[in-house]
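I opened a fresh page for this one and went looking at helices, a sheet and a few odd backbone angles. Here is what I looked up, in the order I looked it up.

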Amino acid sequence: MACRAEGAGLVIIGDPLSTGVYAMSLSRALSLFVLIGVASPAWSQALTATQLKNPLFSTSPLPLHYPEFDRIADEHFSSAFDEGMAQQQAEIAAITGNPDAPTFANTIMALEKSGQLLDRATTIFGSLVAADTNPEREKLRSAYSAKFAAHSDAINLDSALFQRIKHLHEKREELNLKATERRLVERYFKRFVRAGAQLDDADKDKLRGINQELAALGTKFSQNVLTEVNDSAVIVDDVRELDGLTETQIAAAASTAKARGHEGKYVLTLLNTTGQPALSQLHHRPLRERIHRASVTRGSRGGPYDNTEIIARIMKLRAEQAVLLGYPHHAAYSLEEQTARTSDAVLEMLKKLAPAALANARSEGKALKEMIDREQAARSQPTFALEAWDWDYYSEKVRREKYSFDESELKPYLELQNVLHNGVFYAATEMFGITFRRRTDLPVYHPDVWVYDVLEEDGTHLAIFIADMYARDSKRGGAWMNSYVSQSELLGLKPVVANHMNIPKPPEGSPTLLTWDEVITAFHEFGHALHGMFSRVDAPFFSGTRVPRDFVEFPSQVNEMCASWPSILKSYALHYETGEPMPAELLAKVLAASKFNQGYATTEYLSAALLDQRWYQLKPDQVPDASGVMAFERDMLARDGFDYAPVPPRYRTPYFSHIMSGYSAGYYSYIWSEVLDAHSVQWFKKNGGLSRKNGEHFRRSLLSRGGSQEAMDLYRAFTGEDPTIEPLLRKRGLDAAVPK
């Protein structure tokens, strides 16, 4: 899962309106400013003096403009933000004040080159806030969120600037533009229209107020989520309650407790999903219930981190914003730019999957209840109802019974560095010919971060890849990819991209052994990284993952197939102590169990995706107040048939960070992209598998194109046909939903 938007300037996977890093040398920038009449020699000298003290004021001298993490201090950001906004305002004034008629070069290209100091500073800042925040960064985030919104509005609502773009849009067929240039004109025109450029002055003022308030509320929401997920960690006094965890896990819980001032106790930290990993192992049912309740009540139990009031206000403002811009609701606004186009199309697809998913989940639940009844009868104890905190524990038992293995048997063969180097990287080498070289000479923002050069087959430098795999209190939940430097031929930039996960770090000296889900996530996120690294476009606007949100997950989901591809799995599934490969019979069981528990997995996802749609289809007067937020969630889940208590939604509204940031009305994107993915996996299998030929075709026809063409045109160029849903239904074991 990739995700998303947690800080100013952080690249939002799948959001084509997000900003990235448009790096340019200081001397080149100053030359441009002086050339267009923006900068005076005195200003140039002042800026040069500032640069000597603040590394953000110039592009990094490190390879590929890799950030100077060892020189960047928190106090550098505010001055870079302020100066960056001032510079971009001056650049925009130079564009609008240009007496010459609008041209592609003096308007569109000038916009593409603008704001590079601000982009550089906000991208690094946003990435650090997500990966390794601290109180000073959170203060800056709160202080600048509304300022950044106001700055964006100053550009997007600039009438003179819009008139130049509109002129080019109207004349685009007469300007002898390349296809990608014409598309860039069209995309800029659409962006400005959707940002409110055609509103009258009074409505522009309303929109400015909404945008600034939304920015501040979004920041507060995500801060509350991070703080409370740390605050909600479960403290255990008696080690006997941890029966079922490994010795390494228990030692890690003791170490966490000690670090938090609970010497002699044990702390089980939470992830930002509803489900928690420990629930599949813990024998002690009351502790499982404590963990589950701690997880699902986050953000709605009162106190300083309660998000219900923020949610009600965000939903109201987004509904008002949509109406102001001419849309019936926010979902209509959001989906217009996606490949789905309409909320009706999304609901049609989700509802096509829902009946089979729910039926499978209930069937799985029945099997779990039967196991509970058998076990309790054997103990001469009364049985009990299957609850949400029982599902993972008993499903693991059913898996063991049905397939004669459990997750604990896999983990010794899934050591992190083996998975990364001999799995994720090896698959990329097999398909694309690229290789990876670890380097320790570049600075990192945290000791747990690893850095790699990515080399083309001929040895040329393609990109730099940053791997940040371990969980920590200063890191937001989930897994995601972001770009520190986005590829652009126009600006002469090559990519610097990062993957982030939240794998629990074992005690010093112990191996990092992964679950199968974590292995899949590692391959998934690297699919995003490949999308960013292989980008070959001119304009920053189209770089890498700047494609529709419901298309951006497609390349990453395709890359998941590598995890279980026999030749790849054989390379990395090696015992961490002996180096012996995973036994063939265990591998066969893993592959045979691929559809196990898919009713649960699909149901918990679909319930969250439908909940997202229901929130964002509300009109302003339909949005509940804070006291009605949880009732609305409950009613909507029941309305769509997802009131099966043992399978709660993957995210409940108060900690559903995706839909409060870049994925509003867009959480469906994962399953939408998975339709494309399942169809594409069939294409690979029909055409010879993970060969270099197929990899190069995938790279040239789709991965390298970014957003420079319509997403579905790229898909058709790759597969030669339109996708169908049947491969996905079979993949997830939902064949009952396949039309006969």
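The entries below go through a helix pair, a helix with its cover, a sheet and some single residues.

**Entry 1: the model.** I noted before anything else that this is a predicted model.

**Entry 2: H4 against H7.** I started with helix H4 (residues 104-113) and helix H7 (residues 159-170), whose axes come within 10 Å and cross at roughly 120°. The crossing of H4 past H7 is left-handed. Then I asked myself which residues of H4 and H7 meet. From H4 I listed Phe104, Asn106, Thr107, Ile108 and Leu111, and from H7 Leu161, Arg164, Ile165 and Leu168. Sorted by class, this contact of H4 with H7 has 6 nonpolar, 2 polar and 1 charged residues.

**Entry 3: Arg164.** Arg164 caught my eye, so I stayed with this residue of helix H7. Is Arg164 buried or exposed? Its relative accessibility is 8%, and because the cut-off for buried is under 20%, Arg164 counts as buried. I also looked up what Arg164 touches, leaving aside neighbours within four places in sequence: the contacts are Ile95, Thr96, Asn98, Asp100, Ala101, Pro102, Asn106 and Thr107. Two of the names there, Asn106 and Thr107, also stand in the H4 list above. For a distance check I took Arg472: Arg164 and Arg472 lie 308 residues apart in sequence, and their C-alpha atoms are 48 Å apart in space.

**Entry 4: H12 and its cover.** How far apart are the end C-alpha atoms of helix H12 (residues 308-324)? They are 24 Å apart, which agrees with the 24 Å that 17 residues should span at 1.5 Å a residue. Next I checked burial: H12 is mostly covered, with 12 of its 17 residues buried. Among the buried ones I wrote down Ile310, Ile311, Ile314, Met315, Leu317 and Leu324, and also Arg318 and Gln321. The cover over the buried residues of H12 includes helix H9 (201-231), helix H13 (330-335), helix H22 (598-616), helix H23 (629-639) and helix H24 (657-660). Just past the end of H12, Gly326 takes a positive phi of about 95°.

**Entry 5: the sheet.** I then traced an open sheet of 5 strands, in the order E3-E4-E5-E7-E6 and with mixed pairing. Strand E3 (435-439) and strand E6 (480-485) are at the edges with a single partner strand each, so each has one side without a neighbour in the sheet. On average, neighbouring strands here are turned by 25° against each other, direction ignored. E6 and strand E7 (residues 496-503) run antiparallel and are joined by 5 bridges. In that pair, Val485 stands opposite Val496 of E7. Helix H5 (residues 116-131) lies across strand E5 (461-470), E6 and E7, and runs at about 150° to E6.

**Entry 6: positive phi outside glycine.** Most residues other than glycine have a negative phi, which gave me a reason to look for exceptions. Ser380 has a positive phi of about 55° although it is not a glycine, and Ala665 has one of about 60°. Where do they sit? Ser380 is in the loop between helix H14 (343-378) and helix H15 (388-403), while Ala665 is in the loop between H24 and helix H25 (669-686). I closed with accessibility: Ser380, at 69%, counts as exposed, whereas Ala665, at 0%, counts as buried.

Methods
Residues are numbered from 1 along each chain as its sequence is written. This is a predicted model: local features need pLDDT of at least 70, side-chain atom pairs count only at pLDDT 80 or more; totals for chains, interfaces and linings use all residues. Side-chain values use heavy atoms; hydrogens and water are left out. Axes are lines fitted to C-alpha atoms, for helices over the stretch in contact, and angles run from 0 to 180 degrees between N-to-C directions. Helices (H or I, at least four residues) and strands (E, at least two) are DSSP runs, numbered from the N terminus. A crossing is left-handed if the near helix is turned anticlockwise from the far one by less than a right angle, and right-handed if clockwise. Contact means heavy atoms within 4.5 Å. Ala, Val, Leu, Ile, Met, Phe, Trp, Tyr, Cys and Pro count as nonpolar, Asp, Glu, Lys and Arg as charged, and the others, Gly among them, as polar. The expected span of a helix is 1.5 Å times one less than its number of residues. Buried means under 20% relative accessible area, exposed over 50%, partly exposed in between (1.4 Å probe, protein chains only). Two strands pair if DSSP finds at least two bridges between them.
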